[in-house]
Amino acid sequence: MKYNNENRQLKAEKTKIKIYESGEYLFETKGYDAVSVDAIVAHAKVAKGSFYQHFESKGALLAQIMMQQTANVDLKYAACLQSLPADTSCKDKLLALTDTISDVLVNDIGIPKMRILYQTQLTEPVLSDIVSGYQRTLYKLIIDVLEEGRRKGEFREGRTSVVLAKYLMTAYRGITYECCLRYPDFEYKEQMRAFIQLLIEGF
């Protein structure tokens with residue numbers, strides 16, 4: 001009996017992975033609004049009932065996909081900061097982080113996919129908390145750098161690190177949105193670095 005239970009659990013997990021990977025592929029290639037649950041299960045070659053055993057809705061599936069992808073890119077941002085020499089100034093740390101964010105968005109994710117993500121956030125507000133929320137690791141990394149800068153006297157007293165981090169997160173989103181609007185006629189990395197450098201000079 002135990003063997004049968006393990007078999008069922010393994011089969012259920014494989015089915016969930018098929019649904020997840022099919023949803024991820026279809027959302028990226030066709031866009032969230034153009035993809036139905038029927039299309040996902042057809043691509044995954046599973047029964048429609050299996051979808052609802054694992055995911056409450058199409059939006060719930062997208063939320064899981066975005067949570068995983070956001071966690072993956074945040075690991076890259078953490079690795080960027082950890083790779084810097086110990087004597088790197090906090091302003092230079094923020095600029096290095098900015099360059100890494102640009103590289104990840106352009107080379108790993110891609111601006112066309114970012115455009116789909118921005119569009120989807122309008123219909124699935126829960127994604128805003130996952131991608132742009134203030135609980136994600138990227139936000140906490142920025143706060144840590146700002147706090148370190150305050151301790152070292154690199155940033156003047158005034159607004160809290162939490163407030164400044166929100167300004168930076170808003171700037172990252174704003175420049176990315178501008179790029180999505182004007183893509184491919186937009187020098188994303190250069191514009192992002194120039195804007196963030198101007199912003200942190202005021203810190």
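**Briefing: an all-helix chain, from G23 outward**

With a relative accessibility of 0%, G23 counts as buried, because the cut-off for that label is under 20%. Keep in mind that you're looking at a predicted model. The chain has 10 helices and zero strands, and 43% of its 203 residues count as buried. Below is a quick tour, starting with that glycine and moving on to a pocket, some ring pairs and a couple of backbone oddities.

**Overall build**

- Read from the N terminus, the elements go α-α-α-α-α-α-α-α-α-α.
- Lay the C-alpha trace along its principal axes and you get a span of about 65 × 45 × 25 Å.
- Take the contacts between residues at least 6 apart in sequence: 66% of them join residues at least 24 apart.

**Around G23**

- G23 belongs to helix α1, which covers residues 2-30.
- Leaving aside residues up to four places away in sequence, G23 touches I40, L61 and I65.
- One of those partners, I40, falls within α2 (37-44).
- For a longer reach, try M114: 91 residues separate M114 from G23 in sequence, and their C-alpha atoms are 16 Å apart in space.

**The second largest pocket**

- There's about 180 Å³ of space in the second largest pocket.
- Two elements give two or more residues to its lining, namely α6 (111-123) and α9 (161-182).
- Helix α6 supplies the largest share of that lining, with five residues.
- If you want to click through the lining, pick R115, Y118, Q119, Q121, L122, Y177, C180 and L181.
- Sorted by class, the lining comes out as five nonpolar, two polar and one charged residues.

**Aromatic rings**

- The structure holds five aromatic pairs.
- F51 and F55 make one of them: the ring centres sit 5.7 Å apart with the planes at 45°, so this pair goes down as tilted.
- Both of these phenylalanines are tucked away, since F51 has a relative accessible area of 0% and F55 has 2%, which makes each of them buried.
- Y118 and Y177 pair up too, this time edge-to-face, at 5.6 Å centre to centre and with 70° between the planes.
- That tyrosine pair ties together distant parts of the chain, with Y118 in helix α6 and Y177 in helix α9, 59 residues apart.
- You've met both tyrosines already, as Y118 and Y177 are in the lining of the second largest pocket.
- Their exposure is worth a look: Y118 counts as buried at 18% relative accessibility, while Y177 counts as partly exposed at 42%.
- Back with the phenylalanines, ring pairs join F51 and F55 with Y52 into a cluster.
- Y32 has a charged visitor, with K58 lying over the face of the ring at 4.0 Å from its centre.

**Backbone oddities in the loops**

- K45 has a positive phi of about 60°, even though K45 is not a glycine.
- You'll find K45 in the loop between α2 (37-44) and α3 (48-54).
- At 72% relative accessibility, K45 counts as exposed, because anything over 50% gets that label.
- Further along, the peptide bond running from Y183 to P184 is cis, and its omega is near 5°.
- P184 is part of the loop between α9 and α10 (188-201).
- P184 counts as exposed as well, with a relative accessibility of 59%.
- Measure across to I111 and the C-alpha atoms of P184 and I111 are separated by 8.6 Å, though the two residues are 73 apart along the chain.
- I111 is where α6 (111-123) begins, and that helix is one of the two that give two or more residues to the pocket lining.

Key: Residues are numbered from 1 along each chain as its sequence is written. This is a predicted model: local features need pLDDT of at least 70, side-chain atom pairs count only at pLDDT 80 or more; totals for chains, interfaces and linings use all residues. Side-chain values use heavy atoms; hydrogens and water are left out. Helices (H or I, at least four residues) and strands (E, at least two) are DSSP runs, numbered from the N terminus. Buried means under 20% relative accessible area, exposed over 50%, partly exposed in between (1.4 Å probe, protein chains only). Contact means heavy atoms within 4.5 Å. On a 1 Å grid over the protein atoms alone, a cavity is a set of points where a 1.4 Å probe fits but cannot get out, and a pocket is an open set with protein on both sides within 12 Å along at least five of seven lines; lining residues have an atom within 4 Å of a point. Grid points are joined across faces, edges and corners, and a volume is the space filled by probe spheres set on the points. Ala, Val, Leu, Ile, Met, Phe, Trp, Tyr, Cys and Pro count as nonpolar, Asp, Glu, Lys and Arg as charged, and the others, Gly among them, as polar. Rings of Phe, Tyr and Trp (its six-membered ring) pair if their centres lie within 6.5 Å; planes under 30 degrees apart count as stacked, over 60 as edge-to-face and the rest as tilted. A charge sits over a ring if NZ of Lys or CZ of Arg is within 6 Å of the ring centre and within 35 degrees of the ring normal.
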